[in-house]
Amino acid sequence: PLKAQTSDVEVAKMVVKTEVCAFSGARIYPGHGITYVRIDNKAFKFVSCKVKCYFVRRWNPRKLAWTQMYRRLHKKGTLEEQAKKRSRKVAKGGATKSVVGANLEMIKAKRNQKPEVRAAAREAALREAKERQRAKQAAKKTAPKAAAVKSADKPMGKQTKVANKAPKGGKGGR
């Protein structure tokens with residue numbers, strides 16, 4: 001037995017050796033549980049006969065909501081760990097190395113710019129992009145008109161019929 005000290009009184013703490021159920025993951029205390037030995041001489045310890053029965057029938061513990069495997073798989077009861085992970089994150093001090101297409105001095109200069117200057121530059125870039133888009137649209141509109149004029153000038157010659165050929169008879173290919 002281990003001994004723990006609290007203030008001036010000496011208290012003896014008893015350590016109980018528990019085992020873990022092979023199916024459900026529950027604790028099995030001394031004097032409880034069932035041991036099952038398979039034909040290949042492998043021993044399994046179960047918390048109850050219900051759990052042993054499920055194991056023998058090859059039920060999947062991941063599909064039973066009360067097993068530890070299910071709880072781990074569906075992230076149940078891990079809220080404390082997530083809170084710890086979130087609090088450990090440290091914010092970085094910004095850019096420390098250059099990126100493709102922008103060296104470090106350029107990045108630092110952009111960061112130190114005033115928001116008004118940045119907004120004006122963005123507006124100018126948007127205006128330029130919109131102008132390019134309008135020019136493209138205008139070019140598209142003039143191109144079909146020119147093509148229509150050329151096709152109207154062609155003489156009406158021998159025309160071929162394009163028929164939609166369907167399979168003959170039957171249920172229409174079903």
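How much area does the protein expose, and what share of it do carbon and sulfur atoms supply? The protein exposes about 16,500 Å², and carbon and sulfur atoms supply 56% of this area. Accessible areas were computed by the Shrake-Rupley method with a 1.4 Å probe, and for residues only the protein chains shown count as cover. The model is a predicted one, in which local features need pLDDT of at least 70 and side-chain atom pairs count only at pLDDT 80 or more, while totals for chains, interfaces and linings use all residues. Residues are numbered from 1 along each chain as its sequence is written, and side-chain values use heavy atoms, with hydrogens and water left out.

The overall fold is a good place to start. The secondary structure comprises five helices and six strands, where helices (H or I, at least four residues) and strands (E, at least two) are DSSP runs numbered from the N terminus. Along the sequence these elements follow the pattern β-β-β-β-β-β-α-α-α-α-α. Of the 174 residues, 7% count as buried; buried means under 20% relative accessible area, exposed over 50%, and partly exposed in between, with a 1.4 Å probe and protein chains only. Among contacts (heavy atoms within 4.5 Å) with a separation of 6 or more, 21% join residues 24 or more positions apart.

The interior comes next. The largest nonpolar core has eight residues: Cys21, Phe23, Ile28, Phe44, Phe46, Val51, Tyr54 and Leu64. Such a core is a set of buried Ala, Val, Leu, Ile, Met, Phe, Trp, Tyr and Cys residues joined through side-chain atoms within 4.5 Å. Strand 6 (43-46) and helix 1 (49-56) are the elements that give two or more residues to this core. Leu64, one of the core residues, touches Phe23, Tyr54, Trp59 and Tyr70 when residues up to four places away in sequence are not counted.

Phe23 also appears among the contacts of Thr67, together with Ser24 and Pro61, leaving aside neighbours within four places in sequence. Thr67 lies in the loop between helix 1 and helix 2. Is Thr67 buried or exposed? Its relative accessible area is 0%, so Thr67 counts as buried. A polar atom of the Thr67 side chain lies 2.5 Å from the backbone oxygen of Pro61.

The loop between helix 1 and helix 2 (68-73) also holds Arg58, whose phi is near 60 degrees, a positive value in a residue other than glycine. Most residues other than glycine have a negative phi. With a relative accessible area of 76%, Arg58 is exposed. Lys75 offers another such case, with phi near 55 degrees, again positive in a residue other than glycine. Lys75 sits in the loop between helix 2 and helix 3 (79-88) and is exposed at 60% relative accessibility.

Charged pairs are the next topic. How many salt bridges does the structure hold? There are three, each defined as a side-chain nitrogen of Lys or Arg within 4 Å of a carboxyl oxygen of Asp or Glu. Asp40 pairs with Arg38, with 3.3 Å between the closest N and O atoms. Both partners are partly exposed, Asp40 at 48% relative accessibility and Arg38 at 34%.

Helix 5 (residues 115-153) carries a bridge between Arg132 and Glu128, whose closest N and O atoms are 3.4 Å apart. These two residues are four apart in the helix, which means a separation of about one helical turn. Arg132 is exposed at 53%, whereas Glu128 is partly exposed at 48%. In helix 5, Arg134 and Glu131 are three residues apart, and therefore separated by about one helical turn; their side chains meet in a salt bridge of 2.8 Å, N to O. Arg134 is exposed at 52%, and Glu131 is partly exposed at 47%.

The surface also has a nonpolar feature. Met14, Val16 and Tyr29 form a patch with about 340 Å² of accessible area together. Patches are made of residues with over 30% relative accessible area and no salt bridge, where like charges are joined within 9 Å and nonpolar side chains (Val, Leu, Ile, Met, Phe, Trp, Tyr) within 5 Å. Met14 is found in the loop between strand 2 (9-13) and strand 3 (19-20), and is exposed with a relative accessible area of 70%.

Technical notes: Polar contact = N/O pair within 3.5 Å; in protein donor to acceptor, adjacent residues only side chain to side chain.
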